[in-house]
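Visitor: I'd like a walk through the spaces and charge pairs of this one. Can you take my questions in turn?

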Amino acid sequence: MNEQIDWSSLSFGYRKTDCNVRCTFENGKWGELRVSDSEEVTMHMAATCLHYGQAGFEGMKAFRGKDGKIRVFRMDENAKRLQSTCNGIMMAPLPDGLFEEAVKKAVKLNERWVPPYESGASLYIRPVLFGTGAQVGVHPADKYEFIVFVMPVGPYFKDGFKATPCCILRHYDRAAPYGTGRWKVGGNYAASLVPGTKAHEMGYSAVLYLDARSKKFIDEAGPANFFGIEGNKYVTPDSESILPSITNKSLMQIARDLGMEVEQRPMPEEELSKLDEAAMCGTAAVVAPIYKVDDLDENKTYQILPDTKPGPVCTKLYETLRAIQYGDLEDKHGWVYVFE
């Protein structure tokens with residue numbers, strides 16, 4: 001383990017580690033995995049990722065348990081989601097097992113960068129796949145690069161597990177219906193940069209987007225899915241524009257395990273007034289509670305919590321998920337891969 005790092009003070013940002021794992025698709029097939037210590041990528045100036053957005057990525061985490069073992073959470077779901085992204089924007093899909101093999105190799109080769117148990121930090125894993133073949137016409141590339149790199153990170157939101165304010169900005173959309181919202185492509189995040197920056201400048205942690213078609217229903221936040229708690233009910237939006245969050249999927253199952261009712265359905269904006277608790281959720285954010293949502297265009301505030309203290313249900317969901325990820329709680333659903 002790397003003892004020179006102050007693990008508890010890490011931010012969520014890039015940090016160089018020992019190496020990354022790569023694989024190239026060319027001449028109609030994927031090659032062998034190779035290890036690189038370079039942080040650079042060389043590609044043709046007409047690469048499709050630069051011109052036509054052929055690029056998708058995933059976000060995962062590895063955790064060091066009390067027993068010293070390293071665990072990766074729901075790697076198979078990330079592999080499936082990247083395949084869905086490849087199909088959605090016509091990139092060459094990875095052969096079965098290659099994603100998992102690359103992730104395992106990248107984590108194992110960089111295991112000294114996995115933060116210690118109870119440090120509040122984790123090893124973030126970033127698989128990325130993009131078109132490097134040259135095209136001037138709008139066509140899929142004939143060459144692709146797949147890379148898995150890792151880095152130790154702290155909490156995504158600087159205040160950690162505390163409730164924060166969000167806002168609704170009606171003049172911006174994250175993704176269009178039947179567009180690329182359901183896939184994890186870079187363009188979706190590019191579209192969120194301007195409104196996200198405006199929200200941060202006004203003191204909000206994130207933008208809560210409404211559906212692009214009617215501006216009546218909640219979609220998701222800039223960096224994460226959204227869910228609300230109504231009594232003993234876990235409610236999360238259903239929309240063709242929402243990225244299927246693996247964290248949200250896991251929290252829905254945990255909620256069921258805790259005896260809660262789970263509903264995934266369209267959520268009208270007005271339902272914010274009925275919520276006892278609300279949160280954003282995702283690999284980076286984990287569970288990020290929300291204490292109020294300001295609809296700035298309508299001059300309306302939905303006060304969900306009295307202050308920044310998270311509610312009891314979000315706290316229970318967060319603590320249960322983390323306990324499974326760290327190996328402190330039984331993995332009843334087979335979600336965790338343990339490095340032996």
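Guide: Sure, and one term up front: helices and strands here are DSSP runs, numbered from the N terminus, with at least four residues for a helix and at least two for a strand. Keep in mind that this is a predicted model.

Visitor: Then let's begin inside. Which element gives the most to the lining of the largest cavity?
Guide: The structure holds one cavity of 30 Å³ or more, and about 110 Å³ of space lies in the largest cavity. Its lining has 14 residues, with Lys 61, Phe 73, Thr 247, Thr 283 and Gln 325 closest to the centre. At least two lining residues each come from strand E5 (60-64), H6 and helix H7 (312-326). The top contributor, with three residues, is E5.

Visitor: How do the residues lining that cavity divide by class?
Guide: Gly counts as polar in this scheme, and the charged class is Asp, Glu, Lys and Arg. For the lining of the largest cavity, the split is six nonpolar, six polar and two charged residues.

Visitor: On to the open spaces. Which element gives the most to the lining of the largest pocket?
Guide: The largest pocket holds about 890 Å³ of space. Its lining runs to 46 residues, and Tyr 156, Tyr 189, Gly 222, Pro 223 and Ala 284 sit closest to the centre. Several elements supply at least two lining residues each, among them strand E7 (122-131), strand E8 (144-153), helix H5 (193-201) and helix H6 (246-257). The one that gives the most, with four residues, is H5.

Visitor: How many residues of that pocket's lining are charged?
Guide: Take the other classes out of the way: 24 residues of the lining of the largest pocket are nonpolar and 15 are polar. The charged ones come to seven.

Visitor: Which elements give two or more residues to the lining of the second largest pocket?
Guide: About 310 Å³ of space lies in the second largest pocket. It is lined by 18 residues, and Leu 243, Pro 244, Ser 245, Ile 246 and Lys 249 lie nearest its centre. The elements you're asking for are helix H2 (75-88) and H6.

Visitor: Lys 249 caught my eye there. Which residue does it form a salt bridge with?
Guide: Side chains of opposite charge can pair when their charged atoms come close. For Lys 249, the closest N and O atoms in the salt bridge are 3.1 Å apart, and the cut-off is 4 Å. Lys 249 lies in helix H6 and its partner in helix H2, so the pair ties together parts that are 172 residues apart in sequence. That partner is Glu 77.

Visitor: Is Glu 77 buried or exposed?
Guide: Lys 249 has 40% relative accessibility, so it counts as partly exposed. Glu 77 has 12%, and the limit for the lowest class is under 20%. So Glu 77 counts as buried.

Visitor: How far apart are the closest N and O atoms of Arg 170 and Glu 269?
Guide: Arg 170 is in the loop between E9 and helix H4 (186-190), and Glu 269 is in the loop between strand E14 (261-265) and E15, 99 residues apart. Glu 269 counts as buried, at 2% relative accessibility. The two form a salt bridge, with the closest N and O atoms apart by 2.7 Å.

Visitor: Which residues join Lys 233 and Glu 263 in one network of salt bridges?
Guide: Glu 263 and Lys 233 form a salt bridge, with 3.4 Å between the closest N and O atoms. Glu 263 lies in strand E14 and Lys 233 in strand E13 (residues 233-237), so the pair ties together parts 30 residues apart in sequence. Salt bridges that share partners bring the others into the network: Glu 230, Arg 265 and Glu 271.

Visitor: Last stop, the surface. Which residues make up the nonpolar patch with Val 136?
Guide: Val 136 has its place in the loop between E7 and E8. Its relative accessible area is 71%, and patch residues need over 30%. The nonpolar patch covers about 330 Å², and the residues that make it with Val 136 are Tyr 52 and Val 138.

Conventions. Residues numbered from 1 in each chain as written. Predicted model: local features only at pLDDT ≥ 70, side-chain atom pairs only at ≥ 80, totals over all residues. Heavy atoms only, no water. 1 Å grid on protein atoms, 1.4 Å probe; cavity = no way out; pocket = protein on both sides within 12 Å on 5 of 7 lines; lining within 4 Å. Points joined across faces, edges and corners; volume = space filled by probe spheres on them. Patch = residues over 30% accessible without salt bridge, like charges linked within 9 Å, V, L, I, M, F, W, Y side chains within 5 Å. Areas by Shrake-Rupley, 256 points an atom, 1.4 Å probe, with all protein chains shown as cover. Salt bridge = Lys/Arg side-chain N within 4 Å of Asp/Glu carboxyl O. Buried < 20%, exposed > 50% of the residue type's maximum accessible area, 1.4 Å probe, protein only.
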